Amino acid sequence: MGQKQQASADPCPKTKKKRRVVFSAIDTGVAAKDCIKIYLVCTKEEVGSTDSLCIDPVDLNNFFDDEEGKIYGYQGLEITVWFSIVSFQAYADIVFESTSDGGKGITDLKSALQNIFAETLVDNKDEFLQTFSKDVNFIGSLVADGEVLYPKDSSNGQFFSSNFDLQADNSDLEVFRLAMDNMAGRNLYSRLVPLALLLIDGSSPIDVSDPRWELYVLVQKNNGQLGQTHPTLLGFAALYRFYHYPDSSRLRLSQILVLPPYQRKGFGCFLLEVLNNVAISENVYDFTIEEPLSQLLQMRTCIDVKRLRGFGPIQEAVESAVSQFKLGKLSKKVSFPPLLPPTAAIVDVRKSLKITKEQFLHCWEILVFLGLEPDKHMEDFILAVSSRMRDELIGESSDAEGKQVIDVPTDYDQEMSFVMFRSTSNATSVEADESRANQEEQLKKLVDDRVKEIKLIAQKVSAD
């Protein structure tokens, strides 16, 4: 660090000059997403090449202590992270021009990166490059301790497949289950945590000390693209097994990810189908997904609609619902049957297919739509959907005026946790009219969105 030079004594006194005060610029920081790039690589030759697959993380800023997710104290900062999808370890190349404390301190980059990559982060580049050969069979060595779920022997039951454009030979695919009370399962998941944090919105690491967690991995035995014969990890899912009184269990999917190089090739649907078959073969009470994003919900619904179309016990109920639309204009009738399945069908679907009531109701309107002639019955179908949503969102009568329902935080069933009270404010008729108008406008938008969703899924299911 340079030192200031002291001024020499001047025998001839002169008028003192005023010192100029210069204020250093305030460090505004740089957003993590603007200076960090993360590449997935499968060979050591790809390390250092910007032609490698660069991923788009969900929210990098979230991993830094600053509220705005910024990095402070660096000029010209560039961080390049190389993540191996062979050994599932990472190396960070950090380059910057200079550092200085501009009032916000200097961010500890190593600590921040370890918040994301933890034990997978390798300090030495040469050591990282060696992992491509040293750990070439990392996945194979761990799944060898797992339970094979696919392919199954014919004696163990049939495998249902919706065949949604799977771009691989089924005979090359394997699905294994690793329990968290097994060292192999814990070791593998610890290497997968960075991918879960970076690519699954809102995710956090599962508790590997809880044996009720289960890890399901989809691997390809022979990856011709890489010229490798050892298993290649295509995707994984983390499920939690809940106890269900008196002697059953419930499976909940918490995390599911197909690695970016293998996405949009049907592997996500394939893995979901394996999980559906596990739920059926093990006779769990039901199989649910924890807060699914819209894309996952759409994929799941496509699969479930195909399963339901082939489920004999509900076909009569579907045909009965379809026939209601063929009797004439519903809009001319004082009342018409609700667009809901019979209770017996809901029970049969849950028992046989492990589909929850909520998910079945979500699929039901699509099943009915698939049996209609859109040119003849679209107006009545939209009316039925609108009526159903009106009853759910607004209410059936004016008795609901002045009542409000508020959800409350709970550890129990959210559908059963709410507070209803009658408002004490005396709204004027104008305010009531405006409120009703807003409700109608919101309802119309929700109905339009729902009908678009129904048409999209119906088109995908029909096209297959």
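**Figure 1. Helix α9 and its buried side.** In this predicted model, helix α9 covers residues 343–353, and its buried residues are Ala345, Ile346, Val349, Arg350 and Leu353. Look down the axis of α9 and these buried residues fall within an arc of 130°, so they line one face of the helix. Turn to the face pointing away from that buried side and you'll find the exposed residues Thr343 and Ala344. What do the buried residues of α9 pack against? They pack against α6 (267–281), α7 (294–309) and α10 (357–370). Just after α9 comes Lys354, which takes a positive phi of about 65°.

**Figure 2. Met299 and its contacts.** Here we zoom in on Met299, which is found in helix α7. Is Met299 buried, exposed or partly exposed? With a relative accessible area of 23%, Met299 counts as partly exposed; the cut-off for buried is under 20%, and exposed means over 50%, so 23% falls in between. Leave aside the neighbours within four places in sequence, and Met299 is in contact with Gly268, Cys269 and Leu272. Take Gly268: this residue is 31 residues away from Met299 along the chain, yet the C-alpha atoms of the two are separated by 8.4 Å.

**Figure 3. The second largest pocket.** Now for some empty space. Rolling a probe the size of a water molecule over the atoms shows where empty space is left. The second largest pocket holds about 1500 Å³ of space. Its lining is made up of 47 residues, and the closest to the pocket centre are Ile256, Gln263, Gln295, Leu296 and Met299. Which helices and strands each supply at least two residues of the lining? They are β3 (53–54), α5 (183–199), β14 (248–258), α6, α7 and α12 (429–463). Sort the lining residues by chemical character and you get 26 nonpolar, 12 polar and nine charged.

**Figure 4. Two cis peptide bonds.** This pair of views shows two places where the peptide bond leading into a proline is cis. One is the bond from Tyr150 to Pro151, with omega near 0°. Pro151 has its place in the loop between β10 (147–150) and β11 (173–179). The bond from Tyr245 to Pro246 is cis too, again with omega near 0°. Where does Pro246 sit? Pro246 is found in the loop between β13 (232–244) and β14.

**Figure 5. Positive phi in two loops.** Arg264 has a phi near 60°, a positive value in a residue other than glycine. You'll find Arg264 in the loop between β14 and α6. At 74% relative accessibility, Arg264 counts as exposed, since exposed means over 50%. Glu291 also has a positive phi, near 45°, and is likewise a residue other than glycine. Glu291 lies in the loop between β15 (287–289) and α7. How exposed is Glu291? Its relative accessible area is 73%, which makes Glu291 exposed.

**Figure 6. An open sheet of five strands.** Five strands line up here in the order β3-β2-β6-β7-β9 to form an open sheet, and the pairing is mixed. At the edges stand β3 and β9 (121–122), each with a single partner strand, so one side of each is left without a neighbour in the sheet. Further in, β2 (residues 36–41) and β6 (residues 78–84) pair in the parallel sense over six bridges. To pick out one matching pair, find Leu40: its bridge partner in β6 is Phe83.

**Figure 7. Strand β14 and its partners.** Is β14 largely enclosed or left open? Eight of the 11 residues of β14 are buried, so this strand is largely enclosed by the rest of the structure. β13 and β14 run antiparallel and are joined by 10 bridges. The link between these two strands is a hairpin, made through three residues. For one pair across the strands, look at Arg241, whose bridge partner in β14 is Leu251. β14 also pairs with β15, this time in the parallel sense over three bridges. Leu251 shows up again here, standing opposite Phe287 in β15.

Key:
Residues are numbered from 1 along each chain as its sequence is written. This is a predicted model: local features need pLDDT of at least 70, side-chain atom pairs count only at pLDDT 80 or more; totals for chains, interfaces and linings use all residues. Side-chain values use heavy atoms; hydrogens and water are left out. Buried means under 20% relative accessible area, exposed over 50%, partly exposed in between (1.4 Å probe, protein chains only). Helices (H or I, at least four residues) and strands (E, at least two) are DSSP runs, numbered from the N terminus. The arc is that of the directions from the helix axis to the C-beta atoms. Contact means heavy atoms within 4.5 Å. On a 1 Å grid over the protein atoms alone, a cavity is a set of points where a 1.4 Å probe fits but cannot get out, and a pocket is an open set with protein on both sides within 12 Å along at least five of seven lines; lining residues have an atom within 4 Å of a point. Grid points are joined across faces, edges and corners, and a volume is the space filled by probe spheres set on the points. Ala, Val, Leu, Ile, Met, Phe, Trp, Tyr, Cys and Pro count as nonpolar, Asp, Glu, Lys and Arg as charged, and the others, Gly among them, as polar. Two strands pair if DSSP finds at least two bridges between them.
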